[in-house]
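Student: I should like to examine one part of this structure closely, namely its strands and the elements that connect them. Could you please guide me through that part in a connected account?

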Amino acid sequence: MSNDKFDLTGKVAIIVGGTQGMGLNIAEMFAASGARIMICSRTAGDTEAVAKSLNERFGNGDEIAAGCAADMTIKDQLQTVVDRTVAKFGKVTTLVASPTVRPFFGSSLDTPDEELDAQYLYVFKSRFWIASMCIREMRKSGGGSIIFIGSGSAFEATSERSVYSCIRAAEAKLIQNFAAEFGQENIRANIISPGLIDSSGAQALFQDPAVTRTFTERLPMKRAGTTREIASVATFLASEASSFTTGAIVPVDGGRNLHAQPNKLTDQFAPEKDARHRG
C-alpha cells in the first residue's frame with residue numbers, strides 16, 4: 001500500500017487497535033507515509049505480527065514498527081504502551097484510538113448496570129486516559145495530533161442503543177475539549193465519524209447482501225465505505241497538511257449524517273394537485 005499525498009516523516013504514532021480493521025489499515029498507511037509506529041492491542045502475538053509485517057514492507061532495513069500488548073481498560077497497561085514508545089522511538093507525536101465495544105441493543109429501561117459501566121470504560125474513560133498520557137509527551141515534542149475513530153451514532157437519536165449513542169456523543173465532546181485546551185501548545189484533536197464501513201467490526205451487516213442494501217440505500221452515495229477511506233483521512237489528520245485543523249468531527253460516512261430524505265413530496269405538490277402552485 002502506497003501513499004504519496006501526506007508525509008509523516010518524523011512522526012511517531014501509537015495506534016490502539018492497530019491489528020485489524022480500520023486500525024490496521026491506518027497503521028499500513030502511516031508506515032507507507034514515513035511514520036514510526038507502536039502497535040497496541042490485547043494480544044501480544046497479533047501486535048508482533050503486524051509490526052513484523054510493517055517492518056518488512058516499509059522499513060527498508062530499519063525497524064519502524066514495534067508491538068506492545070495492552071488492555072485498554074487497564075490504565076497502567078496504557079501507560080506502559082506510552083513509556084515503551086518513548087523508549088523505542090524517542091517521542092510520541094500522534095495517537096490513533098480505534099477500538100470500541102459492541103453496543104448494547106435493547107431498551108434503555110433494560111440496560112444492565114454492567115453495560116453502562118462497560119460503555120463508559122471502553123469508549124470514554126480509556127480514551128481519556130491514553131490521550132492524557134500522550135498529550136504529556138506531545139508537549140515535549142512541540143505538538144501532536146490526537147485522532148479518535150468515533151461513530152455516527154453520536155449524532156443520532158435511537159430506540160435500540162441509547163447508552164452507546166450517548167457515550168459516543170460524550171467522546172466527540174471530549175475531543176473538542178482537548179482541542180480547546182491544548183491548541184495553544186500545537187496539539188490538535190480531531191475525531192473521524194465513520195458510516196457503514198466494510199471492516200472487521202461490522203461484518204454482521206455484510207453477510208447478507210440484502211441486509212447490506214437496506215443500509216446503503218439510505219445513504220446519498222448508495223454504498224459502504226472501505227477501511228482505506230478511513231485511513232486516508234487519519235493520515236491527513238496526522239500530517240502537517242492538517243496543521244490548522246482541530247476540534248473537527250470529520251464524517252467519512254457517504255452522507256449518513258445528512259439524514260437525507262428521498263424525494264416523496266414533488267408529486268404531491270404538482271400543479272394539478274396543489275392550487276398554490278405559481279404558474
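Tutor: The account below follows the strands, then the helices between them, and then some individual residues. Please keep in mind that this is a predicted model.

We may begin with strand E1, which covers residues 12-16. Five of the five residues of E1 are buried, so the rest of the structure largely encloses this strand. In a regular strand, side chains point alternately to one face of the sheet and to the other. Both faces of E1 are covered: Val12, Ile14 and Val16 are buried on one side, and Ala13 and Ile15 are buried on the other. To call a residue buried here is to say that its relative accessible area is under 20%.

E1 has strand partners. One of them is E2, residues 36-41, and the two strands run parallel, joined by five bridges. Within this pairing, Val12 stands opposite Arg36 of E2. Another partner of E1 is strand E4, residues 94-97, which pairs with E1 in the parallel sense over four bridges. Here Ala13 of E1 faces Thr94 of E4.

Strand E2 deserves a similar inspection. Five of its six residues are buried, and E2 is thus described as mostly covered. Besides its pairing with E1, E2 pairs with strand E3, residues 65-69, in the parallel sense, and five bridges link the two. Met38 has Ala66 in E3 as its bridge partner.

How does the chain pass from E2 to E3? The chain crosses through helix H2, residues 44-58, and this β-α-β crossover is right-handed. A right-handed β-α-β unit is also formed by E1, helix H1 (residues 21-32) and E2.

The two connecting helices can now be compared in direction. The axes of H1 and H2 come within 10 Å and cross at roughly 30°. Angles under 35 degrees count as roughly parallel, and H1 and H2 are therefore roughly parallel to each other. Their crossing is right-handed.

We turn next to the cysteines. A disulfide is a covalent bond that links the sulfur atoms of two cysteines. How many disulfides does the structure hold? The number is zero. Cys40 is in no disulfide, and the nearest cysteine sulfur, that of Cys68, is 6.3 Å away. For a disulfide, the two sulfur atoms would have to be within 2.5 Å. Cys40 is also buried, with a relative accessible area of 1%. As for Cys134, the closest cysteine sulfur is that of Cys40, at 10.0 Å, which is too far for a bond. Cys134 is buried as well, and its relative accessible area is 0%.

A final residue lies in another helix. Ser165 has its place in helix H5, residues 162-182. Is Ser165 buried or exposed? With a relative accessible area of 7%, Ser165 is buried. The C-alpha atom of Ser165 is separated by 9.8 Å from that of Gln119, a residue 46 residues apart from Ser165 along the chain.

Key. Residues are numbered from 1 along each chain as its sequence is written. This is a predicted model: local features need pLDDT of at least 70, side-chain atom pairs count only at pLDDT 80 or more; totals for chains, interfaces and linings use all residues. Side-chain values use heavy atoms; hydrogens and water are left out. Buried means under 20% relative accessible area, exposed over 50%, partly exposed in between (1.4 Å probe, protein chains only). Two strands pair if DSSP finds at least two bridges between them. A crossover is right-handed if, with the strands pointing away from the viewer, the path from the first strand over the helix to the second runs clockwise. Axes are lines fitted to C-alpha atoms, for helices over the stretch in contact, and angles run from 0 to 180 degrees between N-to-C directions. Angles under 35 degrees count as roughly parallel, over 145 as roughly antiparallel, 65 to 115 as roughly perpendicular and the rest as oblique. A crossing is left-handed if the near helix is turned anticlockwise from the far one by less than a right angle, and right-handed if clockwise.
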